[in-house]
Amino acid sequence: MNSSKVAKPDIHSEDFLRLLMRRQLRLSIACAATFLSALLGLPLLNYFFPELMATRVFGFTLTWFLLGVLFFPLVWLISWFFIRRSIALEEAEVGEIAEEQGGKGEKEKRRGRT
């Protein structure tokens, strides 16, 4: 038996899944921190800068403009970033495994089919 053989990584292995989950956890924490800072930042801005937050912007006070107009696009942007980055992480991991196995990556395989 040849003990010098290197085991080829498998996309269904524990190591692969653990690494992918760790990277997605970091991404989740970053997105959650961004959301929480926006969510908790508005009351803090109101508390520490009441004059600034009472300023009129497009007919609204700055508080209501941030909360009613800009908050939802921010949440959509965070969600969009999370989904795009999560998919990119998965594709990068699969691509690395495919390269290590000497085959083509998933994107290259798809391009070859079309």
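**Exercises on a predicted model**

**Exercise 1.** Find the place of Thr-61, then work out whether Thr-61 is buried or exposed.

*Solution.* Start with the element: Thr-61 lies in strand E2, which covers residues 60-61. Keep in mind that you're looking at a predicted model. Next, take the relative accessible area of Thr-61, which is 19%. Buried means under 20%, so Thr-61, at 19%, counts as buried. Last, look for partners beyond the neighbours within four places in sequence: Thr-61 is in contact with Met-53, Ala-54, Thr-55 and Arg-56.

**Exercise 2.** Describe helix H1: what is its reach, and where does H1 bend?

*Solution.* H1 runs over residues 14-48, which makes 35 residues. From first C-alpha to last, H1 reaches 48 Å, close to the expected 51 Å. Now follow the helix along to Gly-41, where H1 bends by about 35°. Within four residues after that comes a proline, Pro-43.

**Exercise 3.** Which residues of H1 are buried, and what do they pack against?

*Solution.* Pick out the buried ones: Phe-16, Leu-20, Gln-24, Leu-27, Cys-31 and Leu-42. Here's a handy rule: with 3.6 residues a turn, an α-helix has residues three or four places apart pointing the same way. Then check the other side of the packing: the buried residues of H1 pack against helix H2 (50-53) and helix H3 (62-100).

**Exercise 4.** Which residues form the largest nonpolar core, and what does Leu-89 touch?

*Solution.* The core has eight residues: Phe-16, Leu-20, Leu-27, Cys-31, Ile-78, Leu-89, Val-94 and Ile-97. H1 and H3 are the elements that each give two or more residues to this core. Zoom in on Leu-89: setting aside neighbours within four places in sequence, its contacts are Leu-20, Arg-23, Gln-24 and Leu-27.

Notes:
Residues are numbered from 1 along each chain as its sequence is written. This is a predicted model: local features need pLDDT of at least 70, side-chain atom pairs count only at pLDDT 80 or more; totals for chains, interfaces and linings use all residues. Side-chain values use heavy atoms; hydrogens and water are left out. The expected span of a helix is 1.5 Å times one less than its number of residues. The bend at a residue is the angle between axes fitted to the seven residues ending there and the seven starting there. Buried means under 20% relative accessible area, exposed over 50%, partly exposed in between (1.4 Å probe, protein chains only). Contact means heavy atoms within 4.5 Å. A nonpolar core is a set of buried Ala, Val, Leu, Ile, Met, Phe, Trp, Tyr and Cys residues joined through side-chain atoms within 4.5 Å.
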